[in-house]
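Here's a quick walk through the model, from the overall fold down to a few backbone oddities. Have the viewer open as you read.

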There are 2 protein chains.
Amino acid sequence: MRDLSNDRQWLAINSATVKAWSLEQLVEGCARAGISAIAPWRDIVQAAGVEKAGNLIRAQGLAVSCLCRGGMFPAADEPGRRAVLDDNRRAVDEAAAIGARCLVLIAGGLPKDSKDITGARQQVHDGLAALLPHARAAGVPLAIEPLHPMYAADRACVNTLAHASDLCDQLGAGLGIALDVYHVWWDPDLPRQIARAGSRIITYHVCDWLVPTRDVLLDRGMPGDGVIDLRGIRRMVEATGYAGHCDVEIFSAQDWWKREPSDVLRICLERHQTVV
Amino acid sequence: MRDLSNDRQWLAINSATVKAWSLEQLVEGCARAGISAIAPWRDIVQAAGVEKAGNLIRAQGLAVSCLCRGGMFPAADEPGRRAVLDDNRRAVDEAAAIGARCLVLIAGGLPKDSKDITGARQQVHDGLAALLPHARAAGVPLAIEPLHPMYAADRACVNTLAHASDLCDQLGAGLGIALDVYHVWWDPDLPRQIARAGSRIITYHVCDWLVPTRDVLLDRGMPGDGVIDLRGIRRMVEATGYAGHCDVEIFSAQDWWKREPSDVLRICLERHQTVV
């Protein structure tokens, strides 16, 4: 297991953690804090302009651990599915343009008025299969992210690491896994499934599960403030050979999003070195 | 699969669904509505007096599909664990006194300041093992209820049907499973796990998953108002041989708890006959 106690190299700041910042502010803020990697969401990349974003990131010598996010495959009809696929191809191009090491995808949930989660899961499989040729040609690995089961209906119907590995087995080269502790920490099968996922884990995200959790979506905690055994999970992930970034991604409407982003960065770095 | 379209026999009203009612009111309300089974929580049984509660239920000829609930096994220290075990033995006695067909147990979450979910799960195993002799002697089947993973930290660290079946395998006669669609509907392995659980499913609870879900705990939906494929799951459960009650249990602070309980009962019956 890597010693991160003096590390600044393997911390990546996800733009969702400092939601108030533009890409320009994120790049400058990380440079000021001596942080060398970012994980932007598409909104701030598009707002900056994709080409300009790439230039800015390269000029600062920042690594891009991943681009967040594409996916959301299930749709109610064929035009809907085509629109999703087109948008995902653009996301692949954006990831390539900014040098992201992968494109994170979340599955998407049930189409409107549907109760057919099995059918939605088939659509995810088929959408990934349709997207993969473009991603392979662009040299952008796709990273399917299993989301917590509480998002199964409206955000992502891939809810376990086992399911994500199954998709990788079925779809082959070019598809990997984004593992976020928030979504999988509860899984009684986690040790076995991390070992099984192995080198398919291509990006690793951290935050914490707060008790109580006051909001289904926007009440994630800073690493160390919740109940997740972060060291235990990182040990298992690194035992697979993972040696990439730890991406701090925190959705927190009532707490961290209200703070000064530079302070948030400082605390992310401190927690990265002490509890991640 | 049973035809419930004219059924009044296999609907059980969980007291959490009509939270404003005492046991006396629940018994009278069900009698008025022609509903012949209830699933009370311990609070209203204790408030009525356990012996009196049993007499009242027997006088009305009501079936008691289950008593909710015991469990909550993990504790920070040995005195804490002893207190939990004592309370669970009382719950078994209460279930016997009111003729409940089983006692529902939820696992409990992490002890205060703990991040050791594996340790908490071991405590659940050990707590069940310690409780079982008393339950067997009293003739009260225990029903461990896997809760949705979003409750892993603070309510129940048994979060999958697979885990519940594992516990049954390990602990033997006297332990079964309470299956609530709300907690397991998202599981990609659900068909296989229901078949595996088989006759260990001894009580079956229904409600629905709303989109959006506005509260982690208290925003469950009336059957039919959400995205769960209720018929599909009941078909699988009945294929195991299950022929007991469908217990409607809805926690709903902002909607159903604000309505007139008699109206809620009427709608439960209607949904039981049309969508469950």
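A contact here means heavy atoms within 4.5 Å. With that in hand, look at chain A of this predicted model: among its contacts between residues at least 6 apart in sequence, 79% join residues at least 24 apart.

**Overall shape of chain A**

Chain A has 276 residues, and a compact globule of that length would have a radius of gyration near 19 Å; the chain comes in at 18 Å, so the two agree. The C-alpha trace spans about 45 × 45 × 35 Å along its principal axes. In secondary structure, you're looking at ten helices and nine strands. Buried residues account for 59% of the chain. What's left open to the outside is about 10,300 Å², with carbon and sulfur atoms supplying 50% of that. As for charges, chain A carries 30 positive and 34 negative ones, and their mean positions sit 1 Å apart.

**Helix 6, an enclosed helix**

Why is helix 6 of chain A said to be largely enclosed by the rest of the structure? Buried means under 20% relative accessible area, and eight of the eleven residues in this helix (residues 161-171) are buried, so the rest of the structure largely encloses it. The buried set is A:Leu161, A:Ala162, A:His163, A:Ala164, A:Ser165, A:Leu167, A:Cys168 and A:Leu171. These residues pack against two helices, helix 5 (117-138) and helix 8 (190-197), and against two strands, strand 6 (142-144) and strand 7 (175-180), of chain A. Right after helix 6 comes A:Gly172, with a positive phi near 80°.

**Where the chains meet**

Chains A and B each put 28 residues into the contact. Together they bury about 2,100 Å², and carbon and sulfur atoms give 69% of that area. On the chain A side, A:Lys115, A:Trp185 and A:Trp186 lose the most area to chain B, together 26% of what that side buries.

**A buried histidine in chain B**

Is B:His183 buried or exposed? At 1% relative accessibility, B:His183 counts as buried. You'll find B:His183 in helix 7 (residues 181-184) of chain B. Leaving out residues up to four places away in sequence, B:His183 touches B:Glu145, B:Pro146, B:Leu147, B:His148, B:Pro149, B:Tyr151 and B:Arg220.

**Backbone oddities**

Two cis peptide bonds are worth a look when you check the torsions:

| Cis peptide bond | Omega |
|---|---|
| A:Cys68 to A:Arg69 | near -15° |
| B:Val211 to B:Pro212 | about -5° |

A:Arg69 belongs to strand 4 (residues 67-71) of chain A. B:Pro212, on the other hand, is in the loop between strand 8 (201-206) and helix 9 (230-239) of chain B.

Then there's positive phi outside glycine. A:Met72 has a phi of about 55° although it is not a glycine. A:Met72 lies in the loop between strand 4 and helix 4 (78-97) of chain A, and its 32% relative accessibility makes it partly exposed. A:Asp113 is another non-glycine with positive phi, about 70°. Its place is the loop between strand 5 (103-106) and helix 5 of chain A. With a relative accessible area of 72%, A:Asp113 is exposed.

Conventions: Residues are numbered from 1 along each chain as its sequence is written. Chains are lettered from A and ligands numbered from 1 in the order in which they are written. This is a predicted model: local features need pLDDT of at least 70, side-chain atom pairs count only at pLDDT 80 or more; totals for chains, interfaces and linings use all residues. Side-chain values use heavy atoms; hydrogens and water are left out. Buried means under 20% relative accessible area, exposed over 50%, partly exposed in between (1.4 Å probe, protein chains only). Helices (H or I, at least four residues) and strands (E, at least two) are DSSP runs, numbered from the N terminus. The radius of gyration is taken over C-alpha atoms; the globule rule is 2.2 Å times the number of residues to the power 0.38. Accessible areas come from the Shrake-Rupley method with a 1.4 Å probe; for residues, only the protein chains shown count as cover. Lys and Arg count as positive and Asp and Glu as negative; His and the chain ends are not counted. The place of a charge is taken as NZ of Lys, CZ of Arg, CG of Asp or CD of Glu. Buried area is the accessible area (1.4 Å probe) that two parts lose on being put together, summed over both.
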